[in-house]
Amino acid sequence: MKNPVELTGRERAAYVQEMFTRIAGRYDLMNRLMTAGQDVRWRREVIRRAALPAGGWLLDLGAGTGDMALEALRQQPACRPVAADFTLAMMQVGMRRQREKSPEPPFPVWSAADALNLPFADQSFDAVVSGFLMRNVSDVMQALGEQKRVMRPGGRIVVLDTTRPSRNLLTPFINIHLKMIIPGLGRLLTGQADAYNYLPESTQAFLTAEQLAQRMQAAGFEQVGFRRLMFGTIAIHWGESPQPPFIRGD
């Protein structure tokens with residue numbers, strides 16, 4: 001069998017979907033343990049950088065259990081988030097937890113969606129955010145193009161994902177965490193060690209922070225920037241959909 005990070009196209013999509021189906025029930029717990037709870041703070045920053053207007057529409061793409069969409073409602077209760085994912089089991093876990101925590105509206109709208117072929121009209125959203133999605137798509141440029149298509153002029157894109165760290169004095173310790181501790185935790189808590197072997201392997205195979213910024217610019221986003229987190233293994237990227245040119249009347 002091929003190494004999962006070497007899969008492309010439909011094979012890659014099928015593997016990722018099946019993998020997330022298997023780990024859906026423990027996904028949030030593993031995220032908290034792997035990041036020592038820092039992923040909660042990262043998601044808060046993502047929503048702050050999205051700069052949603054009151055009543056604005058947000059697309060949380062690759063939403064998983066909907067943490068980002070729920071954070072948007074915490075920060076901007078009047079916003080209208082859509083939590084979209086192509087793994088039904090992840091969304092089912094998110095909807096169940098949402099009902100347990102907050103049985104009263106507002107709620108996110110949940111939608112099945114393929115990041116490479118979004119089922120939304122052009123210019124539908126004021127912001128598009130994603131958490132740990134981009135390294136899993138088989139075509140980064142197509143995914144970015146789809147996000148730009150559904151974004152209104154002046155809208156913001158914010159991407160939270162793992163990134164390939166540069167070598168430094170901490171590299172041996174980072175490798176131990178990625179290649180030993182995370183798969184070990186995954187085996188212990190989910191019984192799915194292969195899913196958590198995929199994490200460090202897909203991180204190493206993914207773009208550097210600089211390369212992802214370049215791809216965002218090539219997709220047509222402006223004011224692109226990023227910052228690294230967690231010893232360079234995580235990055236938050238942001239950008240804006242261009243405004244139409246101002247045409248001065250006579």
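**Cavities and ring pairs**

Me: Which helices each supply at least two residues of the lining of the largest cavity?
Reply: Helix 2 (27-34) and helix 4 (67-75) each supply at least two of its lining residues, helices being DSSP runs of H or I with at least four residues and strands being runs of E with at least two, numbered from the N terminus. This is a predicted model, where local features need pLDDT of at least 70 and side-chain atom pairs pLDDT 80 or more, while totals for chains, interfaces and linings use all residues. Residues are numbered from 1 along each chain as its sequence is written, and side-chain values use heavy atoms, without hydrogens and water.
Me: And what lines that cavity in full?
Reply: The lining consists of Tyr 27, Asp 28, Arg 43, Asp 60, Gly 62, Ala 63, Thr 65, Gly 66, Asp 67, Met 68 and Gly 131 (a cavity is a set of points on a 1 Å grid over the protein atoms alone where a 1.4 Å probe fits but cannot get out, and lining residues have an atom within 4 Å of a point).
Me: Which residues line the second largest one?
Reply: Around the second largest cavity are Asp 161, Thr 162, Thr 163, Phe 206, Leu 207, Thr 208, Ala 209, Leu 212, Ala 235 and His 237. Strand 5 (151-162), helix 9 (209-218) and strand 7 (234-240) are the elements giving two or more of these residues.
Me: Switching topic, how many aromatic pairs are there?
Reply: There are 2, with ring centres within 6.5 Å required for a pair, and planes under 30 degrees apart counted as stacked, over 60 as edge-to-face and the rest as tilted. Phe 20 and Tyr 27 have ring centres 5.9 Å apart and planes at 70°, so they are edge-to-face.
Me: Are those two buried or exposed?
Reply: Both Phe 20 and Tyr 27 are buried, that is, under 20% relative accessible area with a 1.4 Å probe and protein chains only.

Terms used: On a 1 Å grid over the protein atoms alone, a cavity is a set of points where a 1.4 Å probe fits but cannot get out, and a pocket is an open set with protein on both sides within 12 Å along at least five of seven lines; lining residues have an atom within 4 Å of a point. Rings of Phe, Tyr and Trp (its six-membered ring) pair if their centres lie within 6.5 Å; planes under 30 degrees apart count as stacked, over 60 as edge-to-face and the rest as tilted. Buried means under 20% relative accessible area, exposed over 50%, partly exposed in between (1.4 Å probe, protein chains only).
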